[in-house]
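Hello,

Here is the structure I promised to pass on. Please open it alongside this note.

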Amino acid sequence: MTKKIQAVRGMHDCLPLDASMYQYVETRIIQVLSSYGFSEIRLPVVEATPLFTHAIGDMTDVVEKEMYTFKDRRGMSVTLRPEGTAGCVRAGIENGLLYNQEQRLWYMGPMFRYERPQKGRYRQFHQIGAEVFGLQGPDIDADLIIMTAKFWKVLGISDYIHLELNSIGSIATRKNYHHTLIALLEDNVQILDADCKRRMYANPLRVLDSKNPDMQALFDTISPIGHYLDDKSHEHFNELCQLLDLAGISYRVNQRLVRGLDYYNGTVFEWITDSLGAQGSICAGGRYDTLVGLLGGRNTPGIGFAIGLERLVLLVQKVLPEITVPQSIDLYLIASGQGTERAMFLLSETIRNAFPDLKIMRNFGGGSFKKQFSRANKYRARLAIVLGEYEINHNQCIIKDLCKGTQQTVSLSQISFLIRMLSNILQT
Ligand code: ATP
Ligand code: MG
């Protein structure tokens, strides 16, 4: 027997029941995004590799260990996007969307990281992300964070997720801090793991993002970057905190929060849940005022975030198990007897045209009335329209309410009458 081909490790099918849950979550988030004036941007899944090495930083976990990078047929190095911000900035520069303009963009789609697959951590996963360009005040930081809080509110999960907030200051702040940090790391070089040793000169702040618990004791002794903030960054962060207080958003200032990608400065934040074990980070983001310049555009401030959709859906399913997306249909058409199938075929299209929002199916493959009704029940149809020879000969049909068990005969001589009858029934 031929060997079955299976999905690639860490990449999953999303079956119809799950897909409807994703649609449920995505629709609500997109609705909030558009209420804050964000527009969708659709971006390629494959980008030139240097985009990510430049933007994310070559001494990060993502670039060093997690990228799907390969040569195309012409030998050009391309990468399956591990995140959305770099591509969004690239597209913004390339299409002249950024300089001297204000942009609020969102994107959604698959991201790829070669990680060890486990619950909430996959090699192909999905994000909804948003980016704001051209605004640099703390008021837009606040707006963006308040909008993320609104996502959780409309999804009903606010009680299961909390906000952590920090400022990592300006590039100058980070340079200052680097000196202090390197000195301290040098003093403790014998206890650093291999990753930390490799990064301590090229990217010392990244060392603090290490997931190795053995490093934590040492990091606890290091005074956080918050102690080194310049006045402007301080002011920005204080104003942001005040705006969040004003909006009634709770947060915890976590001075250890530095974020895993290189391009951040100033505000960084993360929404975390305790309900999903180790994979607690649901949404993460921050300000990146130098990224557009770094990628060849004219300096434009930016701030954004990305939500891990798999984790968000897992959270909704875990804490709100009662949320089930209905898998039923509204109407099932049944026909048996001479000349009835063609009439059903035409009638189904007429009804679909009149009720574009209804889920309407008709019977395929013939069969007795009994068999067709059992199919209607399998689809959990609310109503059935029944056409037999008698009905066709008398130019009528039967509408049967499959929940209540009631039925009525309706003339087909005026389709508008049938449509009216159906709307009346559906409204009750
Ligand atoms: P983690 O610390 O869990 O590895 P991260 O810091 O690498 O997360 P980001 O790069 O900030 O994550 O991506 C934003 C969000 O995307 C995360 O908060 C998470 O919800 C989701 N995410 C990241 N990597 C994965 C993955 N491999 N599988 C599923 N979701 C992911
Ligand atoms: Mg990661």
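Below is what I found, starting with the whole chain and ending with one residue.

First, a caution: this is a predicted model.

**The chain**

The protein chain has 16 helices and 16 strands. Its radius of gyration is 28 Å, well over the 22 Å that the globule rule gives for 428 residues, so the chain is more spread out than a compact globule. Along the principal axes, its C-alpha atoms fill a box of roughly 95 × 60 × 40 Å.

How much of the chain is buried? Of the 428 residues, 48% count as buried. The exposed surface comes to about 21,800 Å². Carbon and sulfur atoms supply 51% of that surface.

Contacts across the sequence are worth a look too. Take those in the chain with a separation of 6 or more. Residues 24 or more positions apart account for 70% of them.

**The ligand**

Which residues surround ligand 1? There are 16 of them, and the closest are R113, E115, R121, R259 and S281. By type, the shell divides into six nonpolar, four polar and six charged residues.

Three polar contacts involve oxygen atoms of ligand 1:

- R311: an N or O atom in the side chain is 3.0 Å from a ligand oxygen.
- I282: a polar backbone atom is 3.3 Å from a ligand oxygen.
- G308: a backbone N or O atom lies 3.4 Å from a ligand oxygen.

The protein buries 92% of the 580 Å² that ligand 1 exposes when taken alone. Three elements give two or more residues each to the shell: β6 (124–133), β10 (281–287) and β11 (302–308). The largest share, four residues, comes from β10.

**One residue: T340**

Now look at T340. This residue is found in helix α13, which covers residues 340–354. Is T340 buried or exposed? T340 has a relative accessible area of 0%, so it counts as buried; the cut-off for buried is under 20%.

What lies around T340? A polar atom of its side chain lies 3.3 Å from the backbone nitrogen of S336. Leaving aside neighbours within four places in sequence, T340 is in contact with A335, L387, G388, E389 and I392.

To find your way in, start from ligand 1 and strand β10, which gives four residues to the shell. Then move to T340 in helix α13.

Best wishes

How values were computed:
Residues numbered from 1 in each chain as written. Chains lettered and ligands numbered in written order. Predicted model: local features only at pLDDT ≥ 70, side-chain atom pairs only at ≥ 80, totals over all residues. Heavy atoms only, no water. Near = heavy atom within 4 Å. Polar contact = N/O pair within 3.5 Å; in protein donor to acceptor, adjacent residues only side chain to side chain. Areas by Shrake-Rupley, 256 points an atom, 1.4 Å probe, with all protein chains shown as cover. Nonpolar A, V, L, I, M, F, W, Y, C, P; charged D, E, K, R; others polar. Rg over C-alpha atoms; globule rule 2.2 N^0.38 Å. Buried < 20%, exposed > 50% of the residue type's maximum accessible area, 1.4 Å probe, protein only. Contact = heavy atoms within 4.5 Å.
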